[in-house]
Amino acid sequence: MNKLNRRNFMTLAGASGAALAAGAGGSEQALAGSIKLQKGGRDFSPTTMKERKAIPTACWGCVTRDAMIGFVEDGRLKKLDGNPNSIRTMGVICAKAQAGVNQVYFPDRILYPLRRVGKRGEHKWKRVSWDAALDEIAARLKKLRDAGTPEKFMYHYGRHKASQAATMYDFMAAYGTKTIGNHTSICEGSKWVGQESLWGGMYDNWDYDNTEFVVNFGSNQFETHTNHIPTSQRLIRAMVDRGVPLYTFDVRLSATAAKSTEWVPIKPGKDGLVMLSMCNVIMNEGLYRKDHFKYMRVTADYHASVDDKIAAVKASVAKFTPEFAEQESGVPADKIKQIARGFAKAKSACLITYRGTCMHYHGADQERAAMLLAAITNNLDTKGGRVMGVGAGWKAPSSPKAKVHKGLNIKDGFPGEAAFPTHHVSQSVLPLIKDGQLGRPEVYWWSCHNPAYVYGDNKAIEEIMKDESLMPFTISSNIVYDESSALADIILPDVTYLERWDWEDMVSPPQVAEFYIRQPLVKPLGEARCQGDVWPDLAKRIGFELVYKDKEDYVRQSCEMTPGVKEAGGFEYMKKHGVWHDKSAKPNFGFYEKTVDVSGDGVILDEKTGVYWNWKKAGVASEAEAKSKGYLGTKGAKKAYVAQNIEGTARSAYPPNTKFLKSGLLDFYSDNFAAKGFPAFPTYTPVPEHEKMGKDDLILTTYKVAVHTHSRTSHCKWLTEIKHDNPAWINPKTAAERGIADGDEIKVVSDIGEMTTTAYVTEGVVPGIVAISYHLGRRYSGIYGSGNSDPINGGAAADRDAKNKWWKKHGNHPNALIPNWSDPISGAQRWMDTVVRVAKA
Amino acid sequence: MGTARNEMAENATARSQVYGLLAAVFRAEPTEVFLKEIKGSHFSKVFAELGVELGQEFYDRPEAELQEQLAVEFTRLFIGPGPHISAHESIFIDLDGSEGEHWGPATVAVKKFIETAGLDYEQSFAGLPDHVSVELEFLQRLAEWEARKWCEADAESADACLSVQMKFIAEHPIKWVPEFCAEIIKKAEQPFYREMAKVTRSFLQFDHDGMATMNADAGQGACA
């Protein structure tokens, strides 16, 4: 280009002026007001006094959702810290929470709505306005709704909780679709199903503040637990201050195992067996406590005496001797006995389980074994034991429901895949869409979710999402361009959790509910919009109204209608303090013992089960009909449950609060299980594929580390700097048999895929397995997580800090090796069962 | 002297117009009206003089098609997803040990500068305060105000405004916009953004270099 001089400058200016006068500048400018410069050339240097605001909010880095304080300076979020007034977290947050700052400001963030203009997956996009994006979505959804087929709109979420979930469900109910997928089956669905079949609820908590003994099966409590910060610090405090022992059974020397009193290495899939073996020791040595037996049902007989129950449990666990358990699990019989005795003799004891126990074939039954161990030692919902979690019970506004409200049956797996998919079978949603036998959604919208990365056999999932004949229209709400949003037709820029409103409700370890909120720390970047703000807007475009105008309004209304919060000062109080709890509330232990008045109108005793239930509430025509059909034979009777007859006293016991129809007893003998062909009483069922393993086969196990979630953190540079590689852990013996040395490149091959990674030869993993964490090996998600962005090109590459990125490895993703296969009881993904072959690459 | 002030006013107006045009180039995807104007005779002469080569296809294609093509190019270049050229100062400039992220210290500095000059951000503006189009629009507004002050014979305010512009250019766009433009020139697939980047870089440097002289030449008297 030639050099500018005054003459051509003036010509350029003239042309520019004419163009602007003709409207070429557009109507939407950035700046408002008028220039106000003072005469005399006053120095207008901006003030150097920086204002810092401390704003209470809440984390979303993982499901724990700690209450936090955000420190904002000049409109920029500078730092996140714990909220010292939180009784859950006691002012502590983890590394992921602190790195929330990265979530807001990483330069690869999606800031504008995008419309695909090339082939799906071709990465060719055009920015569109929110109006254009929502009009297109609304037109498609309206068409489905008007045609009486709202179920052909599927919404599939990853992390949605509390008001984020409530506003979404409110919209979907008002619209009319029940085709709403979640992700719990790849998280811990089997654990919940096991618990629901027994105590009628879920979300166990552990009273570390009062416990004397802790046994942990397959939970990485100190690094990544579901209620991480609130529980971990209490457990550490118990260990340090009171000398409470912690025994961790795990296939791997996790940080939790390393900090435990003792790491007890165990083979995969054997946790339930060892627990049953501990039951065997406790029953045979008379170390059980009778207290809880009256609440237990251990045979088909609902009215068995405590002594009969003790005898029945003893008989049921007789075959699980410590010696047999040693043979199967690799845990020495003496160790099982020692820990069983310690557990039973302690005044109170906590039993922890998580994915290591549950994400197997029959994982739900392993959880039932854990509940049995807690029950026979009277450590269920008692001080110092495994307790029913207490969360905040918010009241919230509700919009009018659609007249037509239905769903595609694609959430619960293929026919026959799972007997009790009470938390659905999310890993089978995409395969079912491909299969087509149960119908296909015409609009598939996912949010805070990355199906093409997080499920097993993820390459196949990606191919399904790419196929426009299977998935005609796809929408992604996201903050980052990832493996799945790359396959969307429209990408809607979501806000980060630090830019939005919510009320929160996570379980509180002190057993007193904590109500807390999340409020925006900074204005959303770019055109990012909270989905809770989008729902009312989208509803209007489709032709219906919601009862709140935006998410802030929803949270405000909730604060003003929730007992306790309202009296404390409602929304204004919550904005100022962030957290509230009832200071007069006593910790909630032993809810099952509560006596219940059964004199109410319509309440009758079901002789067979000992359940008091209200036949009128159940909608039965007459008392005679109710008695004739009985509690178990009446549809809807579960909702009319009142109490359980416990040795002549009506007590709340364990109400059937979930999908399981059961009495108020702990159903260790489960008709529900028996009816579906599963063991009625907790038992040991080996993983079938493990029984058929050849001599060269190994078991692949996956795990989490402290600084990453499954798929929402790799773009956070502070975290990825700490953990950016995931070599395969392999025992020296196993490695030597294959001629593998530490640092060697190895190939891991399953029946469905293969990967190349690096061997980390360590005694910190049991022989016969290979352990790989699953957060890394990203194809997209920015330069820090994937390394795929040219450091000169822009985006994350334009981040000046990219020049400080010293790591070259970005890990490998093991999910391509793991099939999407389900625990036949719960439908939970069997992450820990895959058989592989490992060799030097 | 009056002539000198006339010249100053004319000059400020001219600068305002060019900044206004360049702000429009980077603010959003081009409209049909915008493209029609750029194709028009007003620009053909100066583009020829400057050696701005938009290519025959640019002139031959119907505006609607061209608009779609450039909207995709705009998204690819400036929006993402994937590697793109972020049009924000804070991405290019390290201040106070910042890490070149969105809403960095440079963003705050730009925002404060603009607000100190009496302007605010429109409620409807959803971008970041240090977007290149905002900086260019700010200079457009300042130069426009300066021109008015020259016409009102308020040389003191006009001089002050000139100083403000010099300071802003020196502290902000001149420090990063040339590099930003160089990236566009390197990455653009369509001649339009490549050439506009050249014009932007060239004009900014021209203005930066010329302002001191203009300031010194400021005179007294009435505006013609």
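## Predicted model of chains A and B

Buried residues account for 57% of the 841 residues in chain A. The model is a predicted one. For 841 residues a compact globule would have a radius of gyration near 28 Å, and the 29 Å of chain A agrees with that. The C-alpha trace of chain A extends over about 105 × 75 × 55 Å along its principal axes. Its secondary structure comprises 28 helices and 32 strands. Of the contacts in chain A between residues at least 6 apart in sequence, 72% link residues at least 24 apart.

### Helix packing in chain A

Two packed helices are described by the angle between their axes and the distance between the axes. In chain A, helix α10 (residues 271-284) packs on helix α15 (residues 363-376) at an angle of about 25°, and the axes are 8 Å apart. Angles under 35 degrees count as roughly parallel, and α10(A) and α15(A) are therefore roughly parallel to each other. Their crossing is left-handed. On the α10(A) side the contact includes Met275(A), Leu276(A), Cys279(A) and Ile282(A), and on the α15(A) side it includes Ala369(A), Leu372(A), Leu373(A) and Ile376(A). The residues of this contact divide into 11 nonpolar, two polar and two charged.

### Contact between chains A and B

Chain A contributes 67 residues to the contact and chain B contributes 77 residues. On the side of chain A that touches chain B, α1 (6-21), β1 (31-33) and β6 (125-127) each supply at least two residues. The most comes from α1(A), with 13 residues. By class, this side of chain A has 31 nonpolar, 21 polar and 15 charged residues.

### Backbone features in loops

Two residues of chain A other than glycine with positive phi are listed below.

| Residue | Phi | Loop in chain A | C-beta neighbours inside 10 Å |
|---|---|---|---|
| Asn378(A) | near 55° | between α15 and β15 (386-388) | 19 neighbours |
| Gln511(A) | about 65° | between β19 (502-504) and β20 (515-518) | 22 neighbours |

A residue is buried if 20 or more other C-beta atoms lie within 10 Å of its own. With 19 such neighbours, Asn378(A) therefore counts as partly exposed, whereas Gln511(A), with 22, counts as buried. Asn378(A) lies in a loop that begins after α15 of chain A, the helix that packs on α10(A).

In chain B, the peptide bond from Gly80(B) to Pro81(B) is cis, with omega near 5°. Pro81(B) is located in the loop between α5 (63-79) and α6 (89-92) of chain B.

Definitions and conventions: Residues are numbered from 1 along each chain as its sequence is written. Chains are lettered from A and ligands numbered from 1 in the order in which they are written. This is a predicted model: local features need pLDDT of at least 70, side-chain atom pairs count only at pLDDT 80 or more; totals for chains, interfaces and linings use all residues. Axes are lines fitted to C-alpha atoms, for helices over the stretch in contact, and angles run from 0 to 180 degrees between N-to-C directions. Helices (H or I, at least four residues) and strands (E, at least two) are DSSP runs, numbered from the N terminus. Angles under 35 degrees count as roughly parallel, over 145 as roughly antiparallel, 65 to 115 as roughly perpendicular and the rest as oblique. A crossing is left-handed if the near helix is turned anticlockwise from the far one by less than a right angle, and right-handed if clockwise. Two residues are in contact if their C-beta atoms, placed from the backbone, lie within 7 Å. Ala, Val, Leu, Ile, Met, Phe, Trp, Tyr, Cys and Pro count as nonpolar, Asp, Glu, Lys and Arg as charged, and the others, Gly among them, as polar. The radius of gyration is taken over C-alpha atoms; the globule rule is 2.2 Å times the number of residues to the power 0.38. A residue is buried if 20 or more other C-beta atoms lie within 10 Å of its own, exposed if 12 or fewer, and partly exposed in between; C-beta atoms are placed from the backbone.
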